[in-house]
Amino acid sequence: MMDINNIPDHPVVQNMMGTGTPDGELATEHICPKCGEYCDFFYLDMDKEIVGCENCIAMYDAEDYYLEHEENDDREE
Ligand SMILES: [Zn+2]
């Protein structure tokens, strides 16, 4: 009888477990120019300039930001 626990994984599965990529090539590591951390994604502004990565960009509630910075708001009314 076949032992289902001893079936070798498909090579792609073995590569994914070993390197995290299907072809067994190690993924190129990219460093964020803003925070210096290794990252997988860059966030770009409208001019396609890198503004940060998943390690150093955070979403912030616009209303909270406005309320917390209201006392420093030097806009002319
Ligand atoms: Zn970053």
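**Fold and local features of the predicted chain**

Read from the N terminus onward, the chain follows the pattern α-β-β-β-β-α, with 2 helices and 4 strands in total; helices (H or I, at least four residues) and strands (E, at least two) are taken as DSSP runs and are numbered from the N terminus. The structure is a predicted model, in which local features need a pLDDT of at least 70 and side-chain atom pairs count only at pLDDT 80 or more, whereas totals for chains, interfaces and linings use all residues. Residues are numbered from 1 along each chain as its sequence is written.

The mean pLDDT of the chain, where pLDDT is the predictor's confidence in each residue from 0 to 100, is 85, and 88% of the residues reach 70 or more. Among the elements, strand β4 (residues 50-53) has the highest mean pLDDT, at 96, and helix α1 (residues 11-19) the lowest, at 82. Of the 77 residues in the chain, 4% are buried, a residue being classed as buried if 20 or more other C-beta atoms lie within 10 Å of its own, as exposed if 12 or fewer do, and as partly exposed in between, with C-beta atoms placed from the backbone. Contacts are assigned to two residues if their C-beta atoms, likewise placed from the backbone, lie within 7 Å; of those contacts in the chain with a separation of 6 or more, 2% are accounted for by residues 24 or more positions apart.

Helix α1 lies largely in the open, because the number of buried residues among its 9 is 0. The helix is followed by Gly-20, whose phi is positive, near 85 degrees. Further along, in the loop between α1 and β1 (30-31), is Glu-25, which is exposed, with 10 other C-beta atoms within 10 Å. Glu-25 and Asn-15 are separated by 10 residues in sequence and by 8.2 Å in space, C-alpha to C-alpha.

Strands β3 (42-44) and β4, with Lys-48 in the loop between them, pair in the antiparallel sense over 3 bridges, where pairing requires that DSSP finds at least two bridges between the strands. Within this pairing, Tyr-43 stands opposite Gly-52 in β4. The hairpin has 5 residues between the strands, and Lys-48 has a positive phi of about 65 degrees although it is not a glycine. Most residues other than glycine have a negative phi. Lys-48 is also exposed, with 7 other C-beta atoms within 10 Å.

Two cysteines, Cys-39 and Cys-56, are 17 residues apart in sequence and 9.7 Å apart in space, C-alpha to C-alpha. Cys-39 lies in strand β2 (residues 38-39) and is buried, since 20 other C-beta atoms are found within 10 Å. When neighbours within four places in sequence are left aside, Cys-39 is in contact with His-30, Cys-32, Cys-53, Glu-54 and Asn-55. Cys-56, by contrast, is situated in the loop between β4 and α2 (62-68) and counts as partly exposed, because it has 14 C-beta neighbours inside 10 Å. Residues up to four places away in sequence not being counted, Cys-56 touches Cys-32, Lys-34, Cys-35 and Glu-37. Cys-32 therefore appears among the contacts of both Cys-39 and Cys-56; between Cys-56 and Cys-32 the C-alpha to C-alpha distance is 8.8 Å, at a sequence separation of 24 residues.
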